[in-house]
Amino acid sequence: MNNLIEVTELSKTFTLHQQHGIVLKVLRNLSFSVEAGECLVLMGNSGAGKSTLLRTLYGNYLAAGGSIRVRHQQQWVELVGGAPLQVLDVRRQTLGYVSQFLRVIPRVATLDVVMEPALARGWGKEAAKARASELLTRLNIPQTLWQLAPGTFSGGEQQRVNIARGFMVDWPVMLLDEPTASLDERNQRVVLELINEAKAAGSALIAIFHDRHAREAVADRYLDMQAPCTADQEFVYAG
Amino acid sequence: MTAAVRVNRELAALEPLFSVNNVSKLYGPDKGCQQVSFDLYPGEVLGIVGESGSGKSTLLSLLAGRCLPDEGQISYLREDGQLLDLYASSEAQRRTLLRTEWGFVEQNPRDGLRMGVSAGANIGERLMAQGVRNYGELRGAGISWLKQVEIDPQRIDDLPRTFSGGMQQRLQIARNLVSSPRLIFMDEPTGGLDVSVQARLLDLLRGLVRELGLAVVIVTHDLAVARLLADRLLVMRNSRVVESGLTDQILDDPQHPYTQLLVSSVLQP
């Protein structure tokens with residue numbers, strides 16, 4: 001067994017205090033693990049909790065119960081209830097997250113946005129710049145745009161900048177939330193290549209793809225997450 | 001890989017730079033702040049958010065040792081490795097700390113600058129307090145820091161009152177950073193600035209925090225500012241910390257009813 005991430009009985013609920021304290025149980029008792037070089041694809045209808053699962057694994061959403069263990073620099077680290085400093089270190093070194101949305105920071109140039117994950121790991125500026133240039137070139141972002149802040153770019157360009165940023169460094173465990181959505185065929189192919197390169201380099205991937213072609217190009221295993229049916233959904237008034 | 005392993009070891013061996021234990025100061029029932037505890041580590045940026053009157057500024061004054069608490073302790077790990085009990089030390093010691101290893105960026109730059117002396121003298125003051133007497137060295141530091149905060153170095157002999165609000169705020173930051181502090185307190189540093197100036201200042205702060213490895217405690221009511229700068233947040237309401245955790249988790253999945261209200265009340269431009 002060469003697992004890089006192990007999830008046991010993970011659950012996630014949302015309590016909406018502003019809406020009469022409704023409790024939504026989105027994830028219940030999920031257990032799975034992913035090995036090095038393997039890609040697990042999450043399956044389920046819209047609303048089944050696929051994105052919620054990725055965000056919970058990343059610590060962006062607070063798990064309600066269960067365990068998320070990640071192999072972080074030769075040691076197992078528990079992320080549920082982990083100290084913020086520890087979670088941030090895992091995010092810097094081990095756990096990557098790529099969505100289709102770029103969070104734009106005013107005034108920061110595209111090249112700097114892409115280089116950031118490498119600089120955060122202590123890479124030299126030149127090495128980071130070389131890698132960022134290579135990725136932006138592969139993802140067909142014209143060089144004339146590299147020194148501009150991506151705030152004014154088209155949706156597709158912003159998405160590709162975000163993907164370049166996501167693949168800037170090697171992540172032992174990588175979470176991908178529809179990275180190929182709404183990309184044209186040429187760029188979609190590049191992203192699938194990047195994903196397969198990450199797999200070959202030994203990353204464990206957990207991904208969401210709505211596009212069947214993309215899914216079949218990278219998936220090794222599927223996790224079925226059927227939508228919670230309404231009869232099963234519990235509405236509890238907490239307030 | 002070796003570098004990464006080293007970082008992890010450092011993390012494991014890390015001691016808090018600043019440790020706050022059950023600090024309270026009340027001006028009336030639930031007015032002020034009470035029972036606040038947290039640890040701050042080197043290089044970490046902690047944001048304190050909450051509405052006006054929730055006790056943010058009172059807490060910041062207590063943390064910086066500008067006023068004394070009704071109860072509670074703060075210990076600070078000095079550069080020489082000694083642990084300092086903040087409230088047990090003398091006022092002179094606390095002032096020295098604020099001028100050397102710490103910094104305080106006021107919301108209104110007029111409170112943090114000396115308006116009657118030049119920009120260069122404002123920057124040089126802390127260095128002089130640390131014993132630097134060489135004119136060339138002081139002037140060199142002035143020019144270098146004006147450049148770093150994106151103020152034209154030719155303005156070095158001008159009085160701060162001839163500067164715009166955004167420039168004054170950047171000058172205040174330079175004045176604080178020149179002595180290489182390890183811990184900076186900031187009270188709404190982008191408060192009265194218009195958005196374009198604010199973006200520029202935030203960008204500057206982000207860069208400086210990373211390059212200098214500063215620990216920062218920043219009070220703000222602007223959640224976007226908090227998201228951009230802070231690793232971790234404390235949410236305050238009616239003098240108490242109601243929620244704390246990773247910044248993005250607090251903002252994207254707030255747990256406490258008040259935090260949910262706060263986050264859902266933000267206008268999207």
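Select A:Val7 and A:Ile68 to begin, since the tour opens on a bridge: A:Ile68, in strand S4 of chain A, is the bridge partner of A:Val7. These residues belong to strand S1 (residues 3-16) and strand S4 (residues 65-72) of chain A, which run antiparallel and are joined by five bridges. Strands, like helices, are DSSP runs numbered from the N terminus (E, at least two residues, for strands; H or I, at least four, for helices), and two strands pair if DSSP finds at least two bridges between them.

The model is a predicted one, in which local features need pLDDT of at least 70 and side-chain atom pairs count only at pLDDT 80 or more, while totals for chains, interfaces and linings use all residues. Residues are numbered from 1 along each chain as its sequence is written, and chains are lettered from A and ligands numbered from 1 in the order in which they are written.

**The antiparallel sheet of chain A**

Widen the selection to the open sheet of four strands in chain A, whose order is S2-S1-S4-S5 and whose pairing is antiparallel. At its edges are strand S2 (22-35) and strand S5 (75-78) of chain A, each pairing on one side only. Neighbouring strands here are turned by 25° against each other on average, direction ignored; axes are lines fitted to C-alpha atoms, for helices over the stretch in contact, and angles run from 0 to 180 degrees between N-to-C directions.

Add helix H1 (residues 50-58) of chain A, which packs on this sheet and touches S1, S2 and S4 of chain A, with a direction at about 70° to that of S2(A). Two residues are in contact if their C-beta atoms, placed from the backbone, lie within 7 Å.

**The parallel sheet of chain A**

Select next the open sheet of five strands in chain A, with parallel pairing and the order S6-S7-S8-S3-S9. Strand S6 (95-98) and strand S9 (221-224) of chain A stand at the edges with a single partner strand each, so one side of each has no neighbour in the sheet. On average, and with direction ignored, neighbouring strands of this sheet are turned by 20° against each other.

Which residues of S8(A) lie on its two covered faces? A:Ala204, A:Ile206 and A:Ile208 are on one side and A:Leu205 and A:Ala207 on the other, and all are buried; a residue is buried if 20 or more other C-beta atoms lie within 10 Å of its own, exposed if 12 or fewer, and partly exposed in between, with C-beta atoms placed from the backbone.

Strand S7 (residues 173-177) of chain A pairs with strand S8 (residues 204-208) of chain A in the parallel sense over five bridges, and here A:Leu175 stands opposite A:Ile206 while A:Leu176 stands opposite A:Ala207. Strand S3 (residues 39-43) of chain A is joined to S8(A) by three bridges, again running parallel, and A:Val41 stands opposite A:Ala207.

**Strands of chain B**

Move to strand S4 (residues 71-77) of chain B, where the side chains alternate: B:Gly72, B:Ile74 and B:Tyr76 point to one face and are buried, whereas B:Glu71, B:Gln73, B:Ser75 and B:Leu77 point to the other and are not. Strand S1 (residues 18-28) of chain B runs antiparallel to S4(B) and is joined to it by five bridges, with B:Ser75 as the bridge partner of B:Ser19.

S4(B) also pairs in the antiparallel sense with strand S5 (residues 83-85) of chain B, over three bridges, and B:Tyr76 stands opposite B:Leu84. These two strands, S4(B) and S5(B), form a hairpin with five residues between them, and B:Gly81 in the turn has a positive phi of about 90°.

**The core and the domains of chain B**

Select A:Val114 and A:Ala164, the residues with the most contacts inside the largest nonpolar core, which has 120 residues. Such a core is a set of buried Ala, Val, Leu, Ile, Met, Phe, Trp, Tyr and Cys residues joined through C-beta atoms within 7 Å. Domain 1 (28-101 + 181-269) and domain 2 (115-178) of chain B both give residues to this core, so it lies between them; the bounds come from an automatic or database domain assignment.

Finally, color these two domains of chain B separately: their C-alpha centres lie 25 Å apart, and the contact between them takes eleven residues from domain 1 and eleven residues from domain 2. On the domain 1 side, helix H8 (residues 195-212) of chain B gives the largest share, four residues.
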